[in-house]
Amino acid sequence: MASRTCYTVVVDLVQSAALFRKAAGVYHYLANEVFPTIRTSAERTPECTSSVSNIMSLICLAEAQAVTIKRAEEKGNTGGLLAKLHYGVAQLLHEASVVLHSNSGECKDLSLRFLDFIASCKALHELKSQKHVADDLKTAGQVGVAIGVLRHALVNAKKNMPAEELWKSIFSQNIDNVADMLKKFENENEFVWREKIATDDELPLLEGKKIVNLIPYRPQRWERELMFKI
């Protein structure tokens, strides 16, 4: 399903989001209906635990919302909505991190690459949210606050630079875009607006909006029979 979704994202955003939501439903079913019923004395691999399945379900929902954002951008939605949707993705990934750290026993063998993926994706969507927030603030005449938001966003993003080269390239490009926006705002403020730059304590809190839900998985009869035999 994952490989099918990666292909579909280019072709049909609606179908791609639906596939991620279906995948989230499958992982949710495994976490709540399958793995709790399996009794074995042998140590399980992380992939066969409820904790990791719950994490994967949340990641799939985050991916579904990320695809939905692309559709919203195509429709020309405003920065305010896009900011909330991006932060909604970050919130879903934060929930995944909470599950991970709350179940360190089951998750202790997860790869560093997987953990890096969750942390860097969360930071990337926070950065994109802050970029839209800053743009809206400047439009509203709050240049000093907008600059404060961008400065804070860059500091946080640079702390969460991923190790994977491909991810690092994408991440760096987004950081460069925000840095260019910040430079432009600072120059305008120096010569035109002369507003006081907002400190971290004066920055607005980010608001998230989660608009995707998992599609419940309903096993076919042969799947239920197979699970019973196992």
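This is a short talk about the helices of one predicted model and a few residues in them.

Hi everyone, and thanks for coming. Let me start with the overall picture. The chain holds nine helices and zero strands, so there is no sheet pairing to discuss, by the DSSP assignment of helices and strands. Reading along the sequence, you simply get α-α-α-α-α-α-α-α-α. Of its 230 residues, 40% count as buried. If you look at contacts between residues at least 6 apart in sequence, 73% of them join residues at least 24 apart.

Before going further, a word on confidence, since this is a predicted model. The mean pLDDT of the chain is 90, and 90% of the residues reach 70 or more. Where does the lowest mean pLDDT sit among the elements, and where the highest? Helix α1, residues 2-11, has the lowest mean, at 44, while helix α7, residues 143-159, has the highest, at 97. Over residues 1-10 the pLDDT stays under 50, and for that stretch the model has 13 contacts beyond four places in sequence. I'll leave that stretch there and turn to two helices, α3 and α6.

Let's take α3 first. Helix α3 covers residues 50-74. Its 25 residues reach 37 Å from first C-alpha to last, close to the 36 Å expected at 1.5 Å a residue. How much of α3 is buried? The helix is mostly covered, with 18 of its 25 residues buried. Just after α3 comes G76, with a positive phi of about 80 degrees.

Two residues in α3 make a nice pair to show you. A62 lies in this helix, and so does R71. A62 has a relative accessible area of 3%, which is under the 20% cut-off, so A62 counts as buried. Leaving out residues up to four places away in sequence, A62 touches V89, L92 and L93. There is also a long-range pairing to point out: the C-alpha atoms of A62 and N213 are separated by 9.9 Å, although the two residues are 151 apart along the chain.

R71 has a relative accessible area of 36%; that falls between 20% and 50%, so R71 is partly exposed. Beyond four places in sequence, R71 touches L13 and V14. The C-alpha atoms of R71 and L13 are separated by 6.6 Å, with their positions 58 residues apart along the chain.

Now for α6. This helix runs over residues 112-139, so to speak, and has 28 residues; its reach from first C-alpha to last is 41 Å, close to the 40 Å expected at 1.5 Å a residue. Just after α6, G141 takes a positive phi of about 90 degrees.

How do α3 and α6 meet? They pack at an angle of about 35 degrees, with their axes 12 Å apart. The crossing of α3 past α6 is left-handed. On the α3 side, the residues in this contact are I55, M56, I59, E63 and A66; on the α6 side they are F114, F117, I118 and H125. Sorted by type, those residues divide into seven nonpolar, one polar and one charged.

H125 deserves a moment, as a residue of helix α6. Is H125 buried or exposed? Its relative accessible area is 10%, under the 20% cut-off, and therefore H125 is buried. Setting aside residues up to four places away in sequence, H125 touches A66, H86, Y87, V89 and A90. You may recall V89 from earlier, where it was one of the residues touched by A62.

Two last stops, further along the chain. N174 is found in helix α8, residues 165-193. With a relative accessible area of 17%, N174 is buried. Beyond four places in sequence, N174 touches L124, L127 and K128.

After α8 we come to R194, in the loop between α8 and α9. R194 has a positive phi of about 55 degrees although it is not a glycine. Is R194 buried or exposed? At 63% relative accessibility, R194 is over the 50% cut-off, so it counts as exposed.

That's my tour, and I'm happy to take questions.

Definitions and conventions
Residues numbered from 1 in each chain as written. Predicted model: local features only at pLDDT ≥ 70, side-chain atom pairs only at ≥ 80, totals over all residues. Heavy atoms only, no water. Helix = DSSP H or I, 4+ residues; strand = E, 2+ residues; numbered from the N terminus. Buried < 20%, exposed > 50% of the residue type's maximum accessible area, 1.4 Å probe, protein only. Contact = heavy atoms within 4.5 Å. Axes fitted to C-alpha atoms, helices over the stretch in contact; angles between N-to-C directions. Left-handed = near helix turned anticlockwise from the far one by under 90°. Nonpolar A, V, L, I, M, F, W, Y, C, P; charged D, E, K, R; others polar. pLDDT = per-residue confidence, 0-100.
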